[in-house]
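Hi,

Here is the structure I promised to pass on to you. Please have a look at it first, and then read my notes below.

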Amino acid sequence: MRIAIVEDNRPLADGVAKAFEADGHGVVCLHDGASASDFLKGEEFDLLVLDINLPAKSGLDVLAEMRARGSETPVLLLSARADVDDRIDGLDKGADDYLTKPFDIAELKARARALLRRSEKQLTPVIKVGDLALDVGARTLSRDGNPVELPRREYALAEALIQNRNRVLSKAQLLEHLYGLGDEAEEAAVELYVHRLRKRIADSGAEIRTVRGLGYCLREAD
């Protein structure tokens, strides 16, 4: 899953990002409301963790703009404000949940999982390509009904390619899904994971095609 974190406290943002990355999610961190608002206009995420008190533009304004555009991305608000009126204001503007600082990372992750499960019920629960089946909710991959055990980076790659089956994804897009925006990992890492995943799904009825100069596309084999 792709998760965006908008939090001006960089140590806190980094800590939350690492917690999500440890679970295999791709994470993007932004640190002010104006840049977040601009960035989110052109990007889709599975979950947004959004602080209210941000430089340049309030998190509530960012949220209101998202909902006005028709975005249904689940939003978990963070704030040092504990007043009931503040919570009501955030929920009325379209937030799905609210967590007061300071918080425990385990609770944040639990609330995030609940929001992701809720949104996943609106998606196709199982996506099939050839003999492969990706269970979006359970975050598992199987082949002919048998589990395919994958390290988290390879699973993240499989997830991105299967969810975008028949579409070409660039190395940059896959790198962001695997590591998050701004990570220092190189595109050669994508080539390595594609090579490994190809071997694991050989003769499965699905194949990863290289589209020269553009990226990779997973589709049913001819």
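Let me begin with one residue and its neighbours. Leaving aside residues up to four places away in sequence, aspartate 86 touches Arg81 and Tyr98, where contact means heavy atoms within 4.5 Å. Aspartate 86 sits in helix H4, residues 84-92. Between aspartate 86 and tyrosine 98, which are 12 residues apart along the chain, the C-alpha separation is 9.7 Å. Helices (H or I, at least four residues) and strands (E, at least two) are DSSP runs, numbered from the N terminus.

A word on where the values come from. This is a predicted model, in which local features need pLDDT of at least 70 and side-chain atom pairs count only at pLDDT 80 or more, while totals for chains, interfaces and linings use all residues. Residues are numbered from 1 along each chain as its sequence is written, and side-chain values use heavy atoms, with hydrogens and water left out.

Tyr98 brings us to strand E5. Asp97 and Leu99 point one way from E5, Tyr98 and Thr100 point the other way, and all are buried. Buried means under 20% relative accessible area, exposed over 50%, and partly exposed in between (1.4 Å probe, protein chains only). In general, the side chains of a regular strand alternate between the two faces of the sheet. E5 and strand E4 (residues 75-79) run parallel and are joined by four bridges; strands pair if DSSP finds at least two bridges between them. One of the partnerships is that of leucine 78 with leucine 99 in E5. Just along the chain, a cis peptide bond joins lysine 101 and proline 102, with omega about -10°. Proline 102 belongs to the loop between strand E5 (97-100) and helix H5 (105-120).

Next, helix H1. H1 covers residues 10-21, which makes 12 residues, and reaches 16 Å from its first C-alpha to its last, close to the 16 Å expected at 1.5 Å a residue. That expected span is 1.5 Å times one less than the number of residues. Which residues of H1 are buried? They are Ala13, Val16, Ala17, Ala19 and Phe20. Seen down the axis of H1, these buried residues fall within an arc of 160°, so they line one face of the helix; the arc is that of the directions from the helix axis to the C-beta atoms. On the face turned away from that buried side are the exposed residues Arg10, Pro11 and Lys18. At the start of H1, a side-chain oxygen of asparagine 9 comes to within 3.1 Å of the backbone nitrogen of leucine 12. A polar contact is a pair of N or O atoms within 3.5 Å; within protein, one must be able to donate a hydrogen and the other to accept it, and residues adjacent in sequence count only if both atoms are side-chain atoms.

Another polar pair links arginine 2 with glutamate 44: a polar atom of the arginine 2 side chain lies 2.9 Å from the backbone oxygen of glutamate 44. Arginine 2 is in strand E1, residues 2-6, and is buried at 15% relative accessible area. Its contacts beyond four places in sequence include Gly26, Val28, Asp46 and His177. Glutamate 44, in contrast, is exposed, with a relative accessible area of 58%. Glutamate 44 is in the loop between helix H2 (33-41) and strand E3 (47-51), and it touches Arg2 and Thr73, again not counting residues up to four places away.

There is also an open sheet of four strands, in the order E6-E7-E8-E9, with antiparallel pairing. Its edge strands are E6 (126-129) and E9 (146-147), each pairing on one side only. E6 pairs with strand E7 (residues 132-135) over four bridges in the antiparallel sense, and isoleucine 127 has leucine 134 in E7 as its bridge partner.

Two loop residues have a positive phi without being glycine. Asparagine 166 has a phi of about 70°, lies between helices H6 (152-163) and H7 (171-179), and is exposed at 56% relative accessibility. For aspartate 203, phi is near 60°; aspartate 203 lies between helix H8 (187-200) and strand E10 (206-211) and is exposed at 76%.

Finally, the cysteines. A search of the whole structure finds zero disulfides, a disulfide being a pair of cysteine sulfur atoms within 2.5 Å. Cysteine 29 is partly exposed at 21% relative accessibility, whereas cysteine 217 is buried at 8%.

Happy exploring!
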